[in-house]
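Visitor: Before I trust any labels, I'd like to hear the reasoning behind them. Can you walk me through it?

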Amino acid sequence: MLKTCSRFLPIVILLVLFMRSQAISGTEAGSAKLAVMEGELKRNFQALGRQETPPYYMSYTIDSIKRQSAYASFGALAKKLETSRAYLTIDVRVGSPKVDNTHEIRGGRRMIGLHEPNKAPLDENPQGLKELLWQETDDAYREAVENLAKVKTDKALKVKEEDESSDFTLQSPSVSVAEPAGVKVDLDAWAQKVRAYSEPFRKLPYVLKGDASFSSEVRTKYFVNTEGSRVETTVNYMRLFISATAKADDGMELPLMLSYFGFRESDFPGEKQIEAHITAMVKTLGLLRMAPLVEAYEGPAILSGKSSGVFFHEILGHRLEGHRQKSESESQTFKKKVHEKILPEFISVIFDPTVKELGALKLSGFYEYDDQGTKAEKVVAVKDGVLRDFLMTRSPIEGFPRSNGHARCQPGQVPVSRQSNLIVTSRKHYPEKELKEMLISELKKQGKPFGLYFKEIQGGFTLTTRSLPNAFTVNPLVVYKIFVDGRPDELVRGVNFIGTPLTTFDKIIATGDTPEVFNGMCGAESGDVPVSAVSPSLLVRQIEVQKKGKSQDKLPILPPPPSQIEERGSSR
């Protein structure tokens, strides 16, 4: 699920000896924390190697997060925080790369999922970190041995698996130590800004929520494994989020939002531009609550670049994540369609976490190494409409034996294959004016009086398992009717865009010529990870919408409190 805010080569070994990393010196030596992790990993791996069930692979990850944030509501500052957190993740694998303790137990509870993360020390106290690693490694090893026994029982009692590829693949070590990022913002200044950004919503009696928030987050990752990898990376994420929710007379709640992303403060628009965006947002809120409802509709539509980015993320992206091709609880929509056409031949889709900027667009799905210490790679998933690749971790699947650097997770969680920067390109693109003319032509051909234009989007979600219908939902915020007879476009409300993947892809006619970016957080089994979706607008021959849910409560009975200016004016 995308929010602003939704793996194997057979190798059999008994024990892999701890591989020494290549010699590095100077600034490449890394922090003291990395050195402690490396030393304890070697000591614990050697000690556990003497057990009856020795581990063949281990890794330690510490995610250190320093966050500055400010939040305001209706012109009043509600929160201003500077926090520091650190989480430890330990991966202990017993058995062999062919079958180990992470193997899925069919028909039972999946081993992958959110859990309470282990907190790590914030300071550079070597002894405290050693104690934590000692205890948590012991616990992780015991759990791994227990899970391996369950896996062996499951394999003995269940039918033959559809995909018999291995659970893990060995690879060459990664060695990279980045300079620490010393990013720090003037939080007092940002607190005043978010107060000012949320102030205009206070004056609107039909607005139930009017918020603004800013956050600057520096994430430092420390990773070591028994193959000799030692990686230390730092990245900074800055987000400015402005949101408001109006309530219509029929009870429907109508949210709107502005979202800005950057790696530094200079990536944000200037103050005057942001204020202009807020002014336009206030105007749209007033128009939306008076806009007519749209009944269930099936027919042609245009999706803006942001809307189509979410469309591809939900419908295509999640179905190309590698672990979903192996799990027998997943629908595996595209597993058997490699080298087959799944999109129009003029469309290609890549996932590229190595790209930080695409022209003027900043991409929040950027990273250098994934959460298994594998160097990030560009993945050409669909070339000229033909499926070529999946997003892979170190858990291979049939025909895809290696990781391409897409193992990702929320700090403290277990990584699985996840999306990064999704980038859609097209060889059949037109200016927006021509795309609208093509829409009207298609409407006439189908005998439809109007089509829909999805301008702004909130996010969406999708279902990928076999036990539920394989459908998707995209939640639009701003939708217009476009009329065949030339009437002005009409703002409407009250619909969600729904469908199923295979039939929807087949209906794409053409694209616009200007890409837009949707930066957000994607939630799945391994938690929330930052992602981007870049796409031009889409002209679709047929889409389906359904009515969105609405509250049955009226507007508040009490009038909102008067402002100081209003009070002064009434006393004259």
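Guide: Let's start with I350, keeping in mind that this is a predicted model. I350 touches K378, V379, V380, A381, N421, L422 and I423, leaving aside residues up to four places away in sequence.

Visitor: What makes those residues count as touching I350?

Guide: Contact means heavy atoms within 4.5 Å, and K378, V379, V380, A381, N421, L422 and I423 are on the list of residues that I350 touches. One of them, N421, is 71 residues from I350 in sequence, yet their C-alpha atoms are 8.0 Å apart in space.

Visitor: Why is I350 called buried?

Guide: The relative accessibility of I350 is 17%, and buried means under 20%, so I350 counts as buried. I350 is found in strand β10.

Visitor: How do you know that β10 pairs with β17?

Guide: Two strands pair if there are at least two bridges between them. Strand β10 (residues 347–351) and β17 share five, in the antiparallel sense, so they pass. Within that pairing, V349 stands opposite V424 in β17.

Visitor: And what makes β17 and β25 a pair?

Guide: That's the cut-off of at least two bridges again: β17 and strand β25 (residues 527–535) have three, in the parallel sense, so they pair as well. Here I423 has V534 in β25 as its bridge partner.

Visitor: Why is β17 described as mostly covered?

Guide: β17 runs over residues 421–426, and five of its six residues are buried.

Visitor: On to the helices. How do you know that the span of α3 is close to what's expected?

Guide: The expected span is 1.5 Å times one less than the number of residues. For α3 (residues 187–198), with twelve residues, that gives 16 Å, and the helix reaches 17 Å from its first C-alpha to its last. Its buried residues are L187, W190, A191, V194, Y197 and S198.

Visitor: Why are those residues said to be on the same side of α3?

Guide: Because they cover an arc of only 130° around the axis, which puts them on the same side of α3. What covers them includes β2, β3, β6, β7 and α4 (271–290).

Visitor: What makes D186 a cap for α3?

Guide: A side-chain oxygen of D186 lies 3.2 Å from the backbone nitrogen of D188, at the N-terminal end of α3. The cut-off for a polar contact is within 3.5 Å, so the pair qualifies.

Visitor: How does α1 do on span?

Guide: α1 (residues 32–48) has 17 residues and reaches 24 Å, close to the expected 24 Å. Its buried residues include L34, V36, M37, L41 and F45, and among the elements covering the buried ones are β2 (55–73) and α2 (126–157).

Visitor: What makes the phi of F74 stand out?

Guide: Most residues other than glycine have a negative phi. F74 has a positive one, near 50°, and is found in the loop between β2 and β3 (76–94).

Visitor: Why is F74 called partly exposed?

Guide: Partly exposed lies between 20% and 50%; F74 is at 24%, so that label applies. D384 also has a phi near 50°, and at 31% D384 counts as partly exposed.

Visitor: Last one: how many disulfides are there?

Guide: Zero. A disulfide needs a pair of cysteine sulfur atoms within 2.5 Å. As for individual cysteines, C409 is at 9% relative accessible area and C522 is at 1%, so both C409 and C522 count as buried.

Terms used:
Residues numbered from 1 in each chain as written. Predicted model: local features only at pLDDT ≥ 70, side-chain atom pairs only at ≥ 80, totals over all residues. Heavy atoms only, no water. Helix = DSSP H or I, 4+ residues; strand = E, 2+ residues; numbered from the N terminus. Buried < 20%, exposed > 50% of the residue type's maximum accessible area, 1.4 Å probe, protein only. Arc of directions from axis to C-beta. Polar contact = N/O pair within 3.5 Å; in protein donor to acceptor, adjacent residues only side chain to side chain.
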